[in-house]
Amino acid sequence: MADGNQSLSLTVVTRERQVLEAEVEEVVLPAYHGYLGVLPGHTPLLAALRVGTMTYRQGGKEEHLVIRWGFAEILPNRVIVLAEGATRPSEIDVTTAERMKAEAETELADLASHDEGFNAAQAKLEESVSMISLARRG
């Protein structure tokens, strides 16, 4: 069992850049089958990530990133997130996110769940909704 003074080393990277390197108290990841909370001392685990908001607590303050697909390697003292994309709240352009949401909704209206572009349009919608929600929080 982890004691309250321990922390996790959190690294978030995409193909293009390192998005985050920080010591944190807690991480909540948008895992494939639901959100996954990670505290220091967590059992080692490899998790598939979906589109959604990743939350982490640093210095008692809650911070967020929008994650687009990927994997997380979870170790007792470290979490490494390899994501297709990651967006900080300061990088979100709400107008662009709202346009992206409208485009995704239009695409989905013309597709059935078995159509080739359905999953991509659904992910685009989820990402835009996460970005809009995160931008409006802060």
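Is Glu-25 buried, partly exposed or exposed? I shall answer that question in a moment, after a word on what we are looking at. Good morning, everyone. The structure above is a predicted model, and every value in this talk is computed from that model.

To return to the opening question: Glu-25 counts as partly exposed, because its relative accessibility is 24%, and the buried class ends at 20%. This residue is found in the loop between strands E2 and E3. Its side chain reaches the backbone nitrogen of Gly-59 at a distance of 3.0 Å. Leaving aside neighbours within four places in sequence, Glu-25 is in contact with several residues, among them Leu-8, Leu-39, Pro-40 and Arg-57. Gln-58, Gly-59 and Gly-60 are also on that list of contacts.

Let us now step back to the whole chain. The protein has two helices and eight strands. Read from the N terminus, the order of the elements is β-β-β-β-β-β-β-β-α-α. The radius of gyration is 16 Å, close to the 14 Å that the globule rule gives for 138 residues, so the protein is as compact as a globular protein of that length. Along the principal axes, the C-alpha atoms fill a box of roughly 50 × 30 × 25 Å. Of the 138 residues, 39% are buried. The protein exposes about 7800 Å², and carbon and sulfur atoms supply 51% of that area. One further figure concerns how the chain meets itself: among contacts between residues at least 6 apart in sequence, 51% join residues at least 24 apart.

Next, the interior. In soluble globular proteins, nonpolar side chains tend to be buried together. Here, the largest nonpolar core has 24 residues. Those with the most contacts inside this core are Leu-10, Val-12, Val-27, Leu-29, Met-54 and Val-81. Strands E1, E2, E3, E4, E5, E6, E7 and E8 each give two or more residues to this core. There is also a second, separate core of seven residues, which includes Met-100, Met-131, Ile-132 and Leu-134.

Two residues illustrate the surroundings on the strand side. Leu-29 touches, beyond its neighbours up to four places away, Gly-34, Tyr-35, Leu-36, Val-38, Leu-49, Met-54, Ala-72, Ile-74, Val-79 and Val-81. One of these partners, Val-38, lies in strand E4. Val-38 is buried, with a relative accessible area of 0%. Outside the same sequence window of four places, Val-38 touches Leu-8, Glu-26, Val-27, Leu-29, Ile-74 and Val-79. Although Val-38 and Ile-74 are 36 residues apart along the chain, their C-alpha atoms are separated by 7.9 Å.

Which class, buried or exposed, does the polar residue Ser-9 belong to? Ser-9 lies in strand E1, and it counts as buried because its relative accessibility is 10%. Its contacts beyond four places in sequence are Glu-21, Ala-22, Glu-23, Asn-77, Arg-78 and Val-79. Ser-9 and Glu-25, our opening residue, are 16 residues apart in sequence and 8.9 Å apart in space, C-alpha to C-alpha.

Thr-14 is found in the loop between E1 and E2. Despite its place in a loop, Thr-14 is buried, with a relative accessible area of 12%. Again setting aside residues up to four places away, Thr-14 touches Val-19, Ala-83, Glu-84, Gly-85 and Ala-86. Thr-14 and Val-27 are 13 residues apart along the chain, and their C-alpha atoms are separated by 18 Å.

I turn finally to helix H2. At 1.5 Å a residue, its 20 residues should span 28 Å, and its end C-alpha atoms are 29 Å apart, which agrees. The buried residues of H2 include Phe-118, Ala-121, Leu-125, Ser-128, Met-131 and Leu-134. What covers the buried residues of H2 includes strands E6, E7 and E8 and helix H1. An α-helix has 3.6 residues a turn, so residues three or four places apart point the same way.

Within this helix, where does Ser-128 make its contacts beyond four places in sequence? Ser-128 is in contact with Ala-97, Met-100 and Lys-101. At 0% relative accessibility, Ser-128 counts as buried. Of those partners, Met-100 is also a member of the second core. Thank you for your attention.

Methods: Residues numbered from 1 in each chain as written. Predicted model: local features only at pLDDT ≥ 70, side-chain atom pairs only at ≥ 80, totals over all residues. Heavy atoms only, no water. Core = buried A, V, L, I, M, F, W, Y, C linked by side-chain atoms within 4.5 Å. Buried < 20%, exposed > 50% of the residue type's maximum accessible area, 1.4 Å probe, protein only. Helix = DSSP H or I, 4+ residues; strand = E, 2+ residues; numbered from the N terminus. Contact = heavy atoms within 4.5 Å. Polar contact = N/O pair within 3.5 Å; in protein donor to acceptor, adjacent residues only side chain to side chain. Rg over C-alpha atoms; globule rule 2.2 N^0.38 Å. Areas by Shrake-Rupley, 256 points an atom, 1.4 Å probe, with all protein chains shown as cover. Expected span 1.5 Å × (residues − 1).
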